[in-house]
Amino acid sequence: MKRVLRIGRGVKTRRARVKEILDLPGKAMDVDARTELIQALIPLGLWHVKEVLEQEVRALAGERYKR
């Protein structure tokens, strides 16, 4: 089965979009731009929470498959 190529779904792409939105002048950031910014930041926040939780699990239980 062929793999589907996804363009623009990575963290670097999201960060670039957020930077573009933040560089806009103050009046240009209307409701749509704010919505786009929030939509871009949510996955970044979730990714950070996932990393923190994985670090806590490693600290409490040790590395995976090591007894």
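Select Ala33, Leu37, Ala40 and Leu44 to start: these residues of helix 2 are buried. Buried here means under 20% relative accessible area, while exposed means over 50% and partly exposed lies in between, using a 1.4 Å probe and protein chains only. A quick word before you click on: this is a predicted model, where local features need pLDDT of at least 70, side-chain atom pairs count only at pLDDT 80 or more, and totals for chains, interfaces and linings use all residues. Residues are numbered from 1 along each chain as its sequence is written, and side-chain values use heavy atoms, with hydrogens and water left out.

**Stop 1: the whole chain**

Zoom out and switch to a cartoon view. You should find 2 helices and 0 strands. Helices (H or I, at least four residues) and strands (E, at least two) are DSSP runs, numbered from the N terminus. The chain has 67 residues, and 12% of them count as buried. About 6600 Å² of the chain is exposed, with carbon and sulfur atoms supplying 58% of that area. These accessible areas come from the Shrake-Rupley method with a 1.4 Å probe; for residues, only the protein chains shown count as cover.

**Stop 2: along helix 2**

Now pick residues 31-61, which make up helix 2. How does the span of its 31 residues compare with the distance between its end C-alpha atoms? At 1.5 Å a residue the helix should span 45 Å, and the end C-alpha atoms are 45 Å apart, so the two agree. (The expected span is 1.5 Å times one less than the number of residues.) Step just past the end of helix 2 and click Gly62, which has a positive phi of about 90°.

**Stop 3: the core**

Show side chains for Val18, Ile21, Ala33, Leu37 and Ala40. These 5 residues form the largest nonpolar core. Helix 1 (11-22) and helix 2 are the elements that each give two or more residues to this core, and helix 2 has the largest share, with 3 residues. A nonpolar core is a set of buried Ala, Val, Leu, Ile, Met, Phe, Trp, Tyr and Cys residues joined through side-chain atoms within 4.5 Å.

Stay on Leu37 for a moment. Is Leu37 buried or exposed? Leu37 counts as buried because its relative accessible area is 13%. Draw a C-alpha to C-alpha distance from Leu37 to Leu22: the two are 15 residues apart in sequence and 8.3 Å apart in space. Then try Glu20, over in helix 1. The C-alpha atoms of Glu20 and Leu37 are separated by 9.7 Å, with their positions 17 residues apart along the chain. Glu20 itself is exposed, with a relative accessible area of 56%.

**Stop 4: a patch on the outside**

Next, select Ile38, Ile42 and Leu46 and turn on the surface. Together they form a nonpolar surface patch with about 310 Å² of accessible area. Patches are built from residues with over 30% relative accessible area and no salt bridge, joining like charges within 9 Å and nonpolar side chains (Val, Leu, Ile, Met, Phe, Trp, Tyr) within 5 Å. Leu46 sits in helix 2 and counts as exposed, with a relative accessible area of 58%.

**Stop 5: the charged trio**

How many salt bridges does the structure hold? There are 2, where a salt bridge is a side-chain nitrogen of Lys or Arg within 4 Å of a carboxyl oxygen of Asp or Glu. Select Glu54 and Lys50 for one of them: their closest N and O atoms are 3.9 Å apart. These partners are 4 residues apart in helix 2, so about one helical turn separates them. Now add Arg58, which also forms a salt bridge with Glu54, with the closest N and O atoms 3.8 Å apart. Shared partners join Lys50, Glu54 and Arg58 into one network. Colour the trio by accessibility to finish: Glu54 is partly exposed at 30%, Lys50 is partly exposed at 46%, and Arg58 is partly exposed at 38%.
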